Amino acid sequence: MAIWDLPRATVDIDLLIRRESVPAIEAIGERHGYIFKAGPMRFSEGAIEIHRISKADRETGDMLMLDLLLVTPQVEDVWETRERVAWEGGSLVVVSRDGLIKLKSYRSSGRDLDDIRRLRGEQ
């Protein structure tokens, strides 16, 4: 949302990754203090699979989460339509606006539905 519409304070970072990248990304996370691993979480009949790693913030004690969203067959198109965008003097590869809408539609919480409306320019 920060890229496409609305930056907001959250305690998690979502990364869309291929399954084979999980061990390498968990190892990188561990080097940065992300040592708490949750079991895989699956939603929407397996369309969304998340591997979460967390760490406690040294100053506040708050848990910071890194959610690794796996590319499943249902979201392969989201992976394929990623875009490179300018960001703070550099660039990032992010899911497209339409890809983000698709990911949010799987969960469809109140916040997700609000985000979808904003991404579509309906608010």
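**View 1. Asp67 sits in strand S5, which covers residues 63–70.** This close-up, like the others here, comes from a predicted model. Asp67 has a relative accessibility of just 3%, so it counts as buried. Its charged side chain isn't left without a partner: look for the polar contact with the side chain of Arg52, at 2.6 Å. Setting aside residues up to four places away in sequence, Asp67 touches Asp12, Ile13, Asp14 and Leu15, and also Ile50, His51 and Arg52. Arg52 therefore turns up twice in this view, as a polar partner at 2.6 Å and in the list of residues touched by the buried Asp67.

**View 2. Leu16 belongs to strand S1, residues 12–17.** Here the pair to find is Leu16 and Leu70: they are 54 residues apart along the chain, yet their C-alpha atoms are separated by 5.8 Å. Leu16 comes out at 17% relative accessibility, and since the buried class runs up to 20%, Leu16 counts as buried. Leaving out neighbours within four places in sequence, Leu16 is in contact with Leu69, Leu70 and Val71, plus Val78, Trp79 and Val95.

**View 3. Thr72 is in the loop between S5 and helix H2 (76–80).** Loop or not, Thr72 counts as buried, at 4% relative accessibility. A polar atom of the Thr72 side chain lies 2.6 Å from the backbone oxygen of Ala47. Ala47 is also one of the residues that Thr72 touches, along with Gly46 and Glu49, once residues up to four places away in sequence are set aside.

**View 4. Ile35, Phe36 and Met63 make up a nonpolar patch on the surface.** Taken together, the three residues have about 290 Å² of accessible area. Phe36 is in strand S2, residues 36–37. With a relative accessible area of 43%, Phe36 is partly exposed.

**View 5. Helix H4 (residues 110–119) has Asp112, Asp115, Ile116 and Leu119 buried.** Seen down the axis of H4, these buried residues fall within an arc of 100 degrees, so they line one face of the helix. That fits the usual geometry: an α-helix has 3.6 residues a turn, so residues three or four places apart point the same way. What lies over the buried residues of H4? Helix H3 (97–107) is included in the cover. Just after H4, keep an eye out for Gly121, with a positive phi of about 80 degrees.

**View 6. Glu88 and Ser108 each have a positive phi without being glycine.** As background, most residues other than glycine have a negative phi. Where is Glu88 placed? Glu88 is in the loop between strand S6 (83–87) and strand S7 (90–94), and its phi is near 45 degrees. With a relative accessible area of 74%, Glu88 is exposed. Ser108 has its phi near 55 degrees and lies in the loop between H3 and H4. Ser108 counts as partly exposed, at 33% relative accessibility.

Methods:
Residues numbered from 1 in each chain as written. Predicted model: local features only at pLDDT ≥ 70, side-chain atom pairs only at ≥ 80, totals over all residues. Heavy atoms only, no water. Buried < 20%, exposed > 50% of the residue type's maximum accessible area, 1.4 Å probe, protein only. Helix = DSSP H or I, 4+ residues; strand = E, 2+ residues; numbered from the N terminus. Arc of directions from axis to C-beta. Contact = heavy atoms within 4.5 Å. Patch = residues over 30% accessible without salt bridge, like charges linked within 9 Å, V, L, I, M, F, W, Y side chains within 5 Å. Areas by Shrake-Rupley, 256 points an atom, 1.4 Å probe, with all protein chains shown as cover. Salt bridge = Lys/Arg side-chain N within 4 Å of Asp/Glu carboxyl O. Polar contact = N/O pair within 3.5 Å; in protein donor to acceptor, adjacent residues only side chain to side chain.
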